[in-house]
Amino acid sequence: MRSHDENLTPETIPLVAHARTLSSEGYSLPYASVGAALLDRAKKRPDTEFLVFRDIDAPRRALTWSQVETAARRVAYELLVELELEPGSRIATLTGNSPETVLLYLGAWLAGITVVPINLTEDDERLSFILDNARVAVAFAPEEQLARCGATRTVNMSAPDALLGGEPLRALPEVSCQTEALIVYTSGTTGAPKGVVLEHQNLISDANGIASWHQFTPADRAMLILPLHHVNGIIVTLLTPLISGGSIVLNRKFSASRFWQTMGYEKCTWCSVVPTILAFLCESKLDTWNKSIDFRHFICGAGPLTTDLARRFEETFGVRVVHGYGLSETTCYSCFLPIDLDSADYSRWMWGEGFPSIGIPLPENEMAIHSESGESLAPGERGEIVIRGVNVMRAYYQRPEANAETFKHGWFRSGDEGFYLFGEDKQPYFFITGRLKELIIRGGVNYSPFEIDEVLAMIPGVKSGMAVGFENNFYGEEIGAYIQKEPGASLTEQAVLEFCKEHLPFNKCPKVVLFGEEFPVTSTGKYQRNKLKPLFLSYKDAEFRK
């Protein structure tokens, strides 16, 4: 394991240690590493399908647990013997959703090698930064991407047979729970991306927590449509089935027109999505699938979910959405709504409080709401969502100042504002009200953009709406609305403003409405609210009176 000196100052080390443990003792991992989980599952269910691949332009491919183990061992041989890498080396992947990506990940983890997944659409500057910052030894990419990797040693993934054509590695290196497994770079819109360092402990604990919370068994099959360069795709719909012994239907990309048909044909029992996918499915209004299968629910997080969209999806398809929350820095999910809520409680927590609740903390971590000074706040009080537990990252890579700030109170500081309320079951139900950096500060008062988003979503003719705080010389910031109309809707700025006046006090109301065709989003479907601010620049000197 690498020294932490490059990541942490001496003062930060005990704070990080506190943030990466639970207050109570007794938690144990089901496996020491991802490789150990794969070997165990392959031994118990060798001839059972584990990985199915679906692509519009290709025939269905399926691999059993035994075939996946053998292929992963071949990858490990290629990495350690042919490429002469050592355990602890780092490889980058620019490979998209494919069986080869899955096998590359699993083979690397068997070999004790760290994976640095990179979005294929990453711009050249950020790609170069990540390869250099992570000290990547070899980058795996399709032929058309190789030139972008600069001086980094590369392997052409357009001919993946070379990766899988060798002999399986028999003697595997020892990989502990503290072995580095993954470095995921944040998709922040400003400044250099931060590398989130995750160990095998992080991956195993979070995947196990997700599997246990949702009561997944070997009989469950996941529909994987999210990108494998992001922790949601990696942890939720790759490693969670691996831990639970289930199976995966990997799609090269999401297709609303084929989604239900594929899910029904493959008899998938659950699916992890982001809110934008729910919106696309609602828009398509297609639900051709085999409803006789025992489908459980959708897992949804990684972006703001409005109560309107959650209610509309359930009413359209009759399928429940289990809302949750987490970050790359906490491996993936940290909390979920309980899966066994009755209709009344589900309605209350999903749309009865003004925001959809993100649920109750997983046993793998604890959550609280802190003030700026690190004090715990009472139910209903708004502050920063903070997390500690075994799924919290090792550190940001080579960012000691960022680590000192993020862990300064001995908890991981999420940067998200929220609050919690106790339910009748005595459990704390958490809510997120917005990114602290996205809060609109008008006249010295903080306003949550999520509250305004909820009102915009209620307006007839609005497909999507987002509140934006823009620079204003009279109040510091004023509130604008960016609207995407439903097809054919004859919505006007005045109609939006009048609707908001009926549902919000003047201070919270948008003062300007702009219409557009699309929202800026990350590759995982997260809206980038602050990228809309420049659109309102001409209103910097405007004064808006009641």
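**Close-up 1. Two cysteines of the predicted model that do not pair.** In this predicted model, the sulfur of Cys335 has its closest cysteine sulfur in Cys332 at 11 Å, which is too far for a bond. The same separation holds when the view is centred on Cys332, whose closest cysteine sulfur, in Cys335, is 11 Å away. A disulfide is a covalent bond between the sulfur atoms of two cysteines. Because a disulfide is counted here when the two sulfur atoms lie within 2.5 Å, the count comes to zero disulfides. Both side chains belong to buried residues, Cys335 with a relative accessibility of 0% and Cys332 with one of 6%.

**Close-up 2. A salt bridge within helix H3.** Glu69 and Arg73 form a salt bridge in which the closest N and O atoms are 2.9 Å apart. The two residues are four positions apart in helix H3 (residues 65–82), and therefore about one helical turn separates them. An α-helix has 3.6 residues a turn, so residues three or four places apart point the same way. Glu69 is buried, with a relative accessible area of 18%, and Arg73 is likewise buried, at 13%.

**Close-up 3. A salt bridge between Glu405 and Arg413.** The closest N and O atoms of this pair are 2.8 Å apart. Its two partners differ in their cover, since Glu405 is partly exposed, with a relative accessible area of 40%, whereas Arg413 counts as buried at 13% relative accessibility.

**Close-up 4. A salt bridge linking distant parts of the chain.** Lys533 forms a salt bridge with Glu477, and their closest N and O atoms are 3.1 Å apart. Lys533 lies in the segment after strand E25 (512–515) and Glu477 in strand E24 (residues 476–485), so that the pair, 56 residues apart, connects distant parts of the chain. Lys533 counts as partly exposed at 25% relative accessibility, while Glu477, at 16%, counts as buried. Elsewhere, Arg20, Arg90, Glu180, Glu199 and Arg394 are joined into one network by salt bridges that share partners; the whole structure holds 34 salt bridges.

**Close-up 5. A negative surface patch.** Asp340, Asp342, Asp345, Glu424 and Asp425 together form this patch. Asp340 is found in the loop between strand E14 (333–336) and helix H12 (343–352), and this residue is exposed, with a relative accessible area of 63%.

**Close-up 6. The mostly covered helix H14.** Eight of the ten residues of helix H14 (residues 449–458) are buried. Among them are Pro449, Phe450, Ile452, Val455, Leu456 and Ala457, together with the acidic residues Asp453 and Glu454.

How values were computed:
Residues numbered from 1 in each chain as written. Predicted model: local features only at pLDDT ≥ 70, side-chain atom pairs only at ≥ 80, totals over all residues. Heavy atoms only, no water. Patch = residues over 30% accessible without salt bridge, like charges linked within 9 Å, V, L, I, M, F, W, Y side chains within 5 Å. Areas by Shrake-Rupley, 256 points an atom, 1.4 Å probe, with all protein chains shown as cover. Salt bridge = Lys/Arg side-chain N within 4 Å of Asp/Glu carboxyl O. Lys, Arg positive; Asp, Glu negative; His and termini not counted. Charge placed at Lys NZ, Arg CZ, Asp CG, Glu CD. Buried < 20%, exposed > 50% of the residue type's maximum accessible area, 1.4 Å probe, protein only.
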